[in-house]
Amino acid sequence: YYDVDSFFRDFDDWDRIKFIFHEGAISSTREMNGTLMMKRNYEFSMKLFNKSFERKIPFQYASSASVYGNVPNNVRIPEDAPINPQTPYAFTKNMFDNTVKKLLASEHFPKMEFNVQGLRYFNVYGANESHKKDQASPITKFTLQAKETGVIKLFEGSENIYRDFVCVDDVIQAKLELAFNKMNSGIYNIGTGYATAFKNIAETI
């Protein structure tokens, strides 16, 4: 374990690193401190990315479907859908994606012997979310409400708000297949491809 602010000063064992999975970020969509978000989500990611590029260590990082902004309900979102980030979190993720896109578009990239993959996660849910509290997935929060009170509290219009909910187990499987089956560099959506209304999720639970 290394502190984020001292990582590049204290860690010096790069020769042993065979692959980098970069999952770290301030992931709260409610965090409005743009300076902090830039420092953690963009600047640190750039330093790690540059180090991996310098040493030609394959690099897979967590992006977010939030970069697409508010999209029509129940519409399948392809990777080339319009980008419209609505929060500092989504903004920083999109900035890093743009850096990767520029590298991928370079005419010299095929000769660089470097693999980079950005994964745009949709609404991930699964086990071990209790520590996330208000940032836990709706599925986890709904399940907890049902167990504790027998009632699930829905917000107004929940039958008309759709999200692509994907299990963390499936996300991990996708990550490993992309990483170790020699998949191409690129930015990939990681979801089911289908959206479900919040109300339907609550009724299922």
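## Exercises on a predicted model

Val166 is placed in strand β6. The model examined in these exercises is a predicted one.

**Exercise 1.** Determine whether Val166 is buried or exposed, and identify its contacts outside the local sequence.

*Solution.*
1. The relative accessible area of Val166 is 4%. A residue counts as buried when this value is under 20%, and Val166 is therefore buried.
2. Neighbours within four places in sequence are set aside; Val166 is then in contact with Phe122, Asn123, Val124, Tyr125, Val171, Ile190, Gly191 and Thr192.
3. One of these contacts, Val171, is among the buried residues of helix α5, which is taken up next.

**Exercise 2.** Compare the span of helix α5 with its expected value, and establish how its buried residues are arranged about the axis.

*Solution.*
1. Helix α5 comprises residues 168-180, which is 13 residues.
2. The expected span is 1.5 Å times one less than the number of residues, which gives 18 Å for α5.
3. The end C-alpha atoms of α5 are 18 Å apart, so the two values agree.
4. The buried residues of α5 are Val171, Lys175, Leu178 and Ala179.
5. Viewed down the axis of α5, these buried residues fall within an arc of 95 degrees; they therefore line one face of the helix.
6. The elements covering the buried residues of α5 include β1, β2, β3, β4, β6 and β7.

**Exercise 3.** Describe the second largest pocket by its volume, its lining and the elements that supply the lining.

*Solution.*
1. The space in the second largest pocket amounts to about 280 Å³.
2. Its lining consists of 14 residues, and those nearest the centre are Val4, His22, Gly24, Phe44 and Leu48.
3. By class, the lining residues divide into nine nonpolar, three polar and two charged.
4. Strand β1 (20-22) and helix α2 each supply at least two lining residues; α2 gives the most, with four.
5. Gly24, one of the residues nearest the pocket centre, may be located relative to Val166: the two are 142 residues apart in sequence and 19 Å apart in space, C-alpha to C-alpha.

**Exercise 4.** State where Ser52 lies, whether it is buried or exposed, and which residues it contacts.

*Solution.*
1. Ser52 lies in helix α2, which covers residues 34-55.
2. The relative accessible area of Ser52 is 0%, and therefore Ser52 is buried.
3. Apart from neighbours within four places in sequence, Ser52 is in contact with Ile20, Ile57, Phe59 and Phe114.

Methods. Residues numbered from 1 in each chain as written. Predicted model: local features only at pLDDT ≥ 70, side-chain atom pairs only at ≥ 80, totals over all residues. Heavy atoms only, no water. Buried < 20%, exposed > 50% of the residue type's maximum accessible area, 1.4 Å probe, protein only. Contact = heavy atoms within 4.5 Å. 1 Å grid on protein atoms, 1.4 Å probe; cavity = no way out; pocket = protein on both sides within 12 Å on 5 of 7 lines; lining within 4 Å. Points joined across faces, edges and corners; volume = space filled by probe spheres on them. Nonpolar A, V, L, I, M, F, W, Y, C, P; charged D, E, K, R; others polar. Arc of directions from axis to C-beta.
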